[in-house]
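Me: I would like to go through this structure in questions and answers. Please keep the reasoning short.

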Amino acid sequence: MKRYGHLFEQAFTPENLYLAYLDASKDKHKKRACFNFERRLAHNLDRLHKALHDGTYKPQPYYTFTVYEPKERKIFAPAFCDLVVQHAIYRIIYPIFNAGFVDESFACRKGKGTHKAADYAQQALRDSPAGSHTIKLDIRKFFYRINRSILKAQIERKIKDQRFVDVMMLFAEYGQPVGIPIGNLLSQTYALIYLNPLDHFAKRVLKAVRYCRYVDDFIIFGVSRARCLEYLTQIKVFIATLGLELSKYTIAPVRRGVNFVGYRTWATRRFIRKHSLFKFRRAAKAGKTDSLASILGHARRTHSLRSLIQSLWSNYHDCYLQLPQVYRRRSYA
């Protein structure tokens, strides 16, 4: 396996730090942290460059808060200057690690978002033999159970620049013996790296023809129920080597579809989940058109879209009139 060196020098040049700042500041120019960093942009970038190269750089304490949708999670938001450093790292490591990911691994990859994952799942249902089954699995408290020693070893299989790895691992620490913080840009990439062996195990050892994963949710399509149970046993053993365990699993006939990446999907139709419908009604009552547009964007190319827009037309006409033009075509109303 090829290992990459001299990445520290590539990641933390003045030019790459400036490009990282541009990435970090997208859609954030109105936020105070971004504004304060921009006020003395050259000075702040130079300060980061100096701290990184003389070995004194340390991330600032996280700003923490809790979210409750879709479930309770503690979020660790980095300081803006640390976000710039993360983007500088990400710009270098993404192409290195992305080349080793399987095509069926979605989330936080370019062109591999929820819509692509949902499209793949629907096509897999269509391609599955009649009478076959799916097995859908979920890992218990995935981000909080990641073993940082294992993660570091996985990173070092690709990267031999120890100084660069040490900076990378600064963003995996958050005061607990195991786990990585939810909220970091790099945490998403670390999650992809950590479960990449599972993807290759499913494809190469289990020989799963139709398989996909989105973060810690993964599905195997189109096999017999007996084979699902075999896979279940083998997967439990394999993820235990990563210090992980299953939270839940579901074995069901293909005809029942799957609940995946925010959609209820069958071979011939797709709907948004009930929780999204609840958020839609709440946003409509509050007149939050930005939230409505976001939910409608999530619902595009589903059978839910027409009924949502008709509901706005009938019950919340003022909100309907404020929607982007694409959602106000005559055929919907």
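Me: In which hand does α12 pass α13?
Reply: The model is predicted. In it, the crossing in which α12 passes α13 is left-handed.

Me: How is the packing of two helices described?
Reply: Two values serve for any packed pair: the angle between the axes and the distance between them. For α12 (residues 274–286) and α13 (residues 289–299), the axes come within 9 Å and cross at roughly 150°. Angles over 145 degrees count as roughly antiparallel. Therefore α12 is, relative to α13, roughly antiparallel.

Me: Which residues of α13 make the contact with α12?
Reply: From α12 the contact takes S276, K279, F280, A283 and A284. On the α13 side the residues are S291, L292, I295, L296 and H298.

Me: How many residues of the contact of α12 with α13 are nonpolar, polar and charged?
Reply: The residues of this contact fall into three classes. One is charged and three are polar, while the nonpolar ones number six.

Me: What is the strand order of the open sheet of five strands, and why do β3 and β7 each have one side without a neighbour?
Reply: The pairing in this sheet is mixed, and the order is β3-β5-β6-β4-β7. β3 (105–106) and β7 (246–253) stand at the edges and have a single partner strand each, so one side of each lacks a neighbour in the sheet. The reason is therefore their place at the edges.

Me: Which residue is the bridge partner of H133 in β7?
Reply: Strand β4 (residues 133–139) and β7 run antiparallel and are joined by seven bridges. In β7, H133 has as its bridge partner P253.

Me: What angle does the direction of helix α10 make with that of β5?
Reply: Helix α10 (residues 185–205) packs on the sheet and touches β3, β4, β5 (210–214) and β6 (217–223). Its direction and that of β5 make an angle of about 170°.

Me: Which residue stands opposite F260 in β9?
Reply: An open sheet of three strands has the order β8-β9-β10, with antiparallel pairing. Its twist averages 25° from one strand to the next. Three bridges pair β8 with strand β9 (residues 263–265) in the antiparallel sense. Opposite F260 in β9 stands Y263.

Me: What is the radius of gyration of the chain?
Reply: The chain has 15 helices and 10 strands. For 333 residues the globule rule gives 20 Å, and the radius of gyration is close to that, so the chain is as compact as a globular protein of that length. The value is 22 Å.

How values were computed:
Residues are numbered from 1 along each chain as its sequence is written. This is a predicted model: local features need pLDDT of at least 70, side-chain atom pairs count only at pLDDT 80 or more; totals for chains, interfaces and linings use all residues. Side-chain values use heavy atoms; hydrogens and water are left out. Two strands pair if DSSP finds at least two bridges between them. Helices (H or I, at least four residues) and strands (E, at least two) are DSSP runs, numbered from the N terminus. Contact means heavy atoms within 4.5 Å. Axes are lines fitted to C-alpha atoms, for helices over the stretch in contact, and angles run from 0 to 180 degrees between N-to-C directions. Angles under 35 degrees count as roughly parallel, over 145 as roughly antiparallel, 65 to 115 as roughly perpendicular and the rest as oblique. A crossing is left-handed if the near helix is turned anticlockwise from the far one by less than a right angle, and right-handed if clockwise. Ala, Val, Leu, Ile, Met, Phe, Trp, Tyr, Cys and Pro count as nonpolar, Asp, Glu, Lys and Arg as charged, and the others, Gly among them, as polar. The radius of gyration is taken over C-alpha atoms; the globule rule is 2.2 Å times the number of residues to the power 0.38.
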